[in-house]
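Subject: Structure for your review

Dear colleague,

Please find below the structure that I promised to pass on to you. My notes on it follow, arranged by topic.

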Amino acid sequence: MKQLFIPFVIMVAVLASCTKKQYSCHCEGGIGGPFDVALEAQNKKAANSECKTFVDRTPGGTADGPTDCYLK
């Protein structure tokens, strides 16, 4: 029984660490005012990086683009 338990625990731990979690990115600016964007990422560092680059992914020269985004 012990021989099956250890691999099972390792497998569950690996699967739990691979799942993406939900994060919320809050952006300021734009014509419509502040807004939130839902993100899925492996960890908080990856979500923060994706949130910070959200400003760069909007089309340049638009008046309704966000000016600053941060992880909530």
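Is Lys72 buried or exposed? Lys72 is exposed, its relative accessible area being 62%. Please bear in mind that this is a predicted model, and that this residue returns below in connection with a salt bridge.

Overall architecture

The protein chain contains two helices and three strands, which occur along the sequence in the pattern α-β-β-α-β. The chain has 72 residues, and 21% of them count as buried. Its exposed surface comes to about 5400 Å², with 64% of that supplied by carbon and sulfur atoms. If one takes the contacts between residues at least 6 apart in sequence, 40% of them join residues at least 24 apart.

The strands

Strands β1 and β2 run antiparallel and are joined by seven bridges. Together they form a hairpin with six residues between them. Within the turn, Gly29 has a positive phi of about 95°. Two pairs of residues may help you to find the register: Tyr23 has Leu39 in β2 as its bridge partner, and His26 stands opposite Asp36 in β2.

Strand β1 also pairs with β3, again in the antiparallel sense, over four bridges. Here Cys25 stands opposite Leu71 in β3, while Glu28 stands opposite Asp68 in β3.

The side chains of β3 alternate along the strand. Cys69 and Leu71 point to one face and are buried, whereas Asp68 and Tyr70 point to the other face and are not buried.

The nonpolar core

The largest nonpolar core consists of 11 residues: Tyr23, Cys25, Cys27, Val37, Leu39, Ala41, Ala47, Cys51, Phe54, Cys69 and Leu71. At least two residues of this core come from each of β1 (21-28), β2 (35-41), α2 (44-52) and β3 (68-71).

Three members of the core deserve a separate description.

- Leu39: apart from neighbours within four places in sequence, Leu39 is in contact with Lys21, Gln22, Tyr23, Cys25, Ala47, Glu50 and Cys51.
- Phe54: this residue lies in the loop between α2 and β3. With neighbours within four places in sequence left aside, the contacts of Phe54 are Cys27, Phe35, Val37, Pro66 and Cys69. Phe54 and Cys27 are 27 residues apart along the chain, and their C-alpha atoms are separated by 8.6 Å.
- Leu71: this residue belongs to strand β3 and is buried, with a relative accessible area of 16%. When residues up to four places away in sequence are not counted, Leu71 touches Tyr23, Ser24, Lys44, Ala47, Asn48 and Cys51. Between Leu71 and Asp36 the C-alpha to C-alpha distance is 9.5 Å, at a sequence separation of 35 residues.

The salt bridge

How many salt bridges does a search of the whole structure find? The search finds one. Asp36 forms a salt bridge with Lys72, and the closest N and O atoms are 3.0 Å apart. The pair links distant parts of the chain, with Asp36 in strand β2 and Lys72 in the segment after β3, 36 residues apart. Side chains of opposite charge can pair when their charged atoms come close. As for the surroundings of the two partners, Asp36 counts as partly exposed at 43% relative accessibility, while Lys72 is exposed at 62%.

A nonpolar patch on the surface

Which residues make the nonpolar surface patch of about 610 Å²? The patch is made by Phe5, Ile6, Phe8, Val9, Ile10 and Met11. One of these, Ile10, is placed in helix α1, which covers residues 2-18.

Points to look at in the viewer

I would suggest beginning with β1, which pairs with β2 over seven bridges and with β3 over four. From there you may turn to the 11 residues of the largest nonpolar core, then to the salt bridge between Asp36 and Lys72, and lastly to the nonpolar surface patch that includes Ile10.

With kind regards

Definitions and conventions: Residues are numbered from 1 along each chain as its sequence is written. This is a predicted model: local features need pLDDT of at least 70, side-chain atom pairs count only at pLDDT 80 or more; totals for chains, interfaces and linings use all residues. Side-chain values use heavy atoms; hydrogens and water are left out. Buried means under 20% relative accessible area, exposed over 50%, partly exposed in between (1.4 Å probe, protein chains only). Contact means heavy atoms within 4.5 Å. Accessible areas come from the Shrake-Rupley method with a 1.4 Å probe; for residues, only the protein chains shown count as cover. Patches are made of residues with over 30% relative accessible area and no salt bridge: like charges are joined within 9 Å, nonpolar side chains (Val, Leu, Ile, Met, Phe, Trp, Tyr) within 5 Å. A salt bridge is a side-chain nitrogen of Lys or Arg within 4 Å of a carboxyl oxygen of Asp or Glu. A nonpolar core is a set of buried Ala, Val, Leu, Ile, Met, Phe, Trp, Tyr and Cys residues joined through side-chain atoms within 4.5 Å. Two strands pair if DSSP finds at least two bridges between them.
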